[in-house]
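Me: I've got a model open and I'd like to check how its labels are earned. Can we go through them one by one?

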Amino acid sequence: MQTVYLRKNASYRILNGHPWIFGNEIDKEDADIASGGIVKVHTHDNKFVGKGYYNAASQIKVRLLTRDKDVLINKTFFENKIAECWAYRQKLGYIENCRLVFGEADGLPALIIDKFNDYFVLQTLSLGMDKWKPAIVEALEKIFNPKGIYERNDVPVRKLEGLEEIKGFLSKPFDTKIIINENGLQFYVDIENGQKTGYFLDQKDNRRAIEKIVKDATVLEAFTYTGTFSLHAGYYGAKAVLGLDISESAVAQATENAKLNKLDKIVKFEACNAFDKLKQLTREGAQYDVVMLDPPAFTKSRESIQKAITGYKEINLRGIQLVKPGGFLVTASCTNLVKPEVFLDTIGKAAKDAKRVIRQVEFRAQASDHPIMWNMENTNYLKFLIVQVL
Ligand code: SAH
């Protein structure tokens, strides 16, 4: 096996458990290493660090898969790792649906697998992981005997690894519109055409966190996607709920979900631009007991973080203005580029501009099937805040 040698000063982060090795952290490497293949990584003074996959075309040249010299990277490796991931989720109480593999946080860099009961959706977001797709599919078949496996590799980030965007069946074809159970409700999940892998499993526990505050409430939700938060509100006893999303197909799906849960009398959806609608509602002096906001990332790059913060500030300012005195704002941010303290600061500034005092009820992160690695900041990505607006 060929070897890559780290620079003398480059290895602290890596020795501390971080699996990425950037091109500029490499001092020298053996000749003709095949991209996508497995290499050994050594320190500058030739001590073994680990084994990982290599891609000359990527900024992240190596991602480590093991730090154990004796572990072989083969089919069995992936089977064992996926079995470990499942054992961990089961320990935490997951039965039907969960993010089974959360990439780096599970020691499987650039691999995402969502489990929707008997159906699995996967993403291999790097060349080195993509090569193991057949082994991963075989492992899923062996461990779960699934009804279907689908790849949602239609993601631009694959371009950075020289990979194409593709999606399709990795098992026998199946009906890709499935129904899942969550917190006592049911939701259609469109595995083939839905956003990301079809459903946002990371908000599962946060959806439950609204239970007490929505009882008998009038609720407005912006960025509802397939209506999950709005329908939870209806289920937990809200009086009237309006969910907004810019995507017509998301709203159609949300409306179907309302019917599926017999909540269509209470929970309504509307396709519109939330920025415009929130502005219009504030102008009209509308007031709600609860306003919920779960916008998209607004940024994909460090360069445009400020743009994202401006977006968060604007919708949260509107959101706060739309809350009756003593009502609640439920607000989230799903990009790791906006750090928790920056997010909280932004909400604080929005409240100040709205001349309202906020009182924190809860501050949460993503569900525990998306573990946060304390040595990998970007795994701590979801912020979820409930405040009372006085
Ligand atoms: N809360 C949802 C996830 C929301 S994802 C859940 O838990 O499932 C963000 C959503 O915002 C997407 O559905 C996207 O279509 C929508 N969106 C993006 N820009 C928007 C805009 N300007 N106005 C309204 N919705 C928007």
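Me: What makes the pair between a polar side-chain atom of Thr228 and an oxygen atom of the ligand a polar contact?

Reply: A polar contact is a pair of N or O atoms within 3.5 Å. A polar side-chain atom of Thr228 lies 3.1 Å from an oxygen atom of the ligand, so the pair qualifies. Gln195 has such an atom at 3.0 Å from a ligand oxygen, and Asp245 has one at 2.7 Å. By the way, this is a predicted model: local features need pLDDT of at least 70, side-chain atom pairs count only at pLDDT 80 or more, and totals for chains, interfaces and linings use all residues. Residues are numbered from 1 along each chain as its sequence is written, and side-chain values use heavy atoms, with hydrogens and water left out.

Me: How do you know what span helix H10 should have?

Reply: The expected span is 1.5 Å times one less than the number of residues. For the 14 residues of H10 (residues 340-353) that should be 20 Å, and the end C-alpha atoms are 20 Å apart, so the two agree.

Me: Which residues of H10 are called buried?

Reply: Buried means under 20% relative accessible area, exposed over 50%, partly exposed in between (1.4 Å probe, protein chains only). In H10, Pro340, Phe343, Thr346, Ile347, Ala350 and Ala351 are buried. They cover an arc of only 140° around the axis (taken from the directions from the helix axis to the C-beta atoms), which puts them on the same side of H10. Glu341 and Lys352, on the other side, are exposed.

Notes
A polar contact is a pair of N or O atoms within 3.5 Å; within protein, one must be able to donate a hydrogen and the other to accept it, and residues adjacent in sequence count only if both atoms are side-chain atoms. Helices (H or I, at least four residues) and strands (E, at least two) are DSSP runs, numbered from the N terminus.
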